[in-house]
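Good morning, and thank you for coming. I would like to take you through one protein chain, and I ask you to keep the display in view while I speak.

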Amino acid sequence: MTNKSKNRTEVDMYFVDFERVQLNNVIPLHFLKDDEIPASFHLLDGLEYSLNIKLKPGKWLFCVYGDNWISEGRYQLQIVVCNDKSPLVTDIVAYEKTLMEKKNWLSNFQKDFVEAKKRYEEVTKQLENESTQINELLAERDKAYNTFKTEAQQQYLHANANQPNNGGLFGWFST
């Protein structure tokens, strides 16, 4: 496992008796361009089973290779023997098993998600089209009612024009 800090890069190597998975922190850039699939589907892309080398008791030689030509390489090696009977081993194995299951689930679910998103976009567009048509129909209906009312009023304008104005409120009530 590689962890970068401000002043150094730290690499952890585990020689253990249980199967491990490792998360490669390199983020594939190709998914950043893909608007169709959210980044959540790529969180576990770098999760893979790691090469598990079991060390037997004895003497070992560890070598470090660096290809930094700009500055002098400085290394600090720390070798720690971990307790393989620790309850944390059970937790780690369970977490890694669950993470691999989640990776597989995400891989399968991605197809369902893309189909559902596509369908959602289709029905959203359909709803927008229907809303536009409904608003246009309502506007045409209001226009037709206004014209209908105006035509109906036209037949009474001639009748009112022939009658003398007897006063009252706008000629409607006689005094």
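**Cysteines, fold and pocket**

Let us begin with Cys82, which is exposed because its relative accessible area is 53%, and exposed here means over 50%. Please bear in mind from the outset that this is a predicted model. Cys63 also counts as exposed, because its relative accessibility is 68%.

With cysteines in view, one may ask how many disulfides the count comes to. In general terms, a disulfide is a covalent bond that joins the sulfur atoms of two cysteines. The rule applied here asks for a pair of cysteine sulfur atoms within 2.5 Å. By that rule, the count is zero disulfides.

I turn now to the overall architecture. The chain contains four strands and one helix. Following the sequence, we meet them in the pattern β-β-β-β-α. The chain has 175 residues, and buried residues make up 11% of them. Its accessible surface comes to about 16300 Å², and carbon and sulfur atoms account for 56% of that surface. If we take the contacts between residues at least 6 apart in sequence, 62% of them join residues at least 24 apart.

Three residues will make this picture more concrete. Our starting point is Ser50, in the loop between β4, residues 47–49, and α1. Is Ser50 buried or exposed? Ser50 counts as buried, because its relative accessibility is 15%, and the cut-off for buried is under 20%. Setting aside neighbours within four places in sequence, Ser50 is in contact with Arg20, Val21 and Gln22.

Next comes Leu44, whose place is in the loop between β3 and β4. Leu44 counts as buried, because its relative accessibility is 14%. Which residues is Leu44 in contact with, leaving aside its neighbours within four places in sequence? They are Leu99, Lys102, Lys103 and Leu106. A further pair to locate on your display is Leu44 and Asn24: they are 20 residues apart in sequence, and their C-alpha atoms are 8.8 Å apart in space.

The third residue, Phe113, lies in helix α1. Phe113 counts as partly exposed, because its relative accessibility is 24%, and that class runs between the 20% and 50% cut-offs. Again leaving aside neighbours within four places in sequence, Phe113 is in contact with Glu36, Pro38 and Phe41. Phe113 and Pro38 are 75 residues apart in sequence, while the distance from C-alpha to C-alpha is 9.7 Å.

Finally, let us consider the largest pocket. Its volume is about 2000 Å³. The lining of this pocket is made up of 49 residues, and Val11, Asp12, Met13, Leu77 and Gln78 lie nearest its centre. Which elements each supply at least two residues of the lining? They are β2, residues 9–11, β3, residues 21–23, and α1, residues 87–162. Of these, α1 gives the most, with five residues. As for chemical character, the lining divides into 27 nonpolar, eleven polar and eleven charged residues.

To close, I return to the two cysteines with which we began: Cys63 is exposed, Cys82 is exposed, and the disulfide count is zero. Thank you for your attention.

Notes:
Residues are numbered from 1 along each chain as its sequence is written. This is a predicted model: local features need pLDDT of at least 70, side-chain atom pairs count only at pLDDT 80 or more; totals for chains, interfaces and linings use all residues. Side-chain values use heavy atoms; hydrogens and water are left out. On a 1 Å grid over the protein atoms alone, a cavity is a set of points where a 1.4 Å probe fits but cannot get out, and a pocket is an open set with protein on both sides within 12 Å along at least five of seven lines; lining residues have an atom within 4 Å of a point. Grid points are joined across faces, edges and corners, and a volume is the space filled by probe spheres set on the points. Ala, Val, Leu, Ile, Met, Phe, Trp, Tyr, Cys and Pro count as nonpolar, Asp, Glu, Lys and Arg as charged, and the others, Gly among them, as polar. Buried means under 20% relative accessible area, exposed over 50%, partly exposed in between (1.4 Å probe, protein chains only). Contact means heavy atoms within 4.5 Å. Accessible areas come from the Shrake-Rupley method with a 1.4 Å probe; for residues, only the protein chains shown count as cover.
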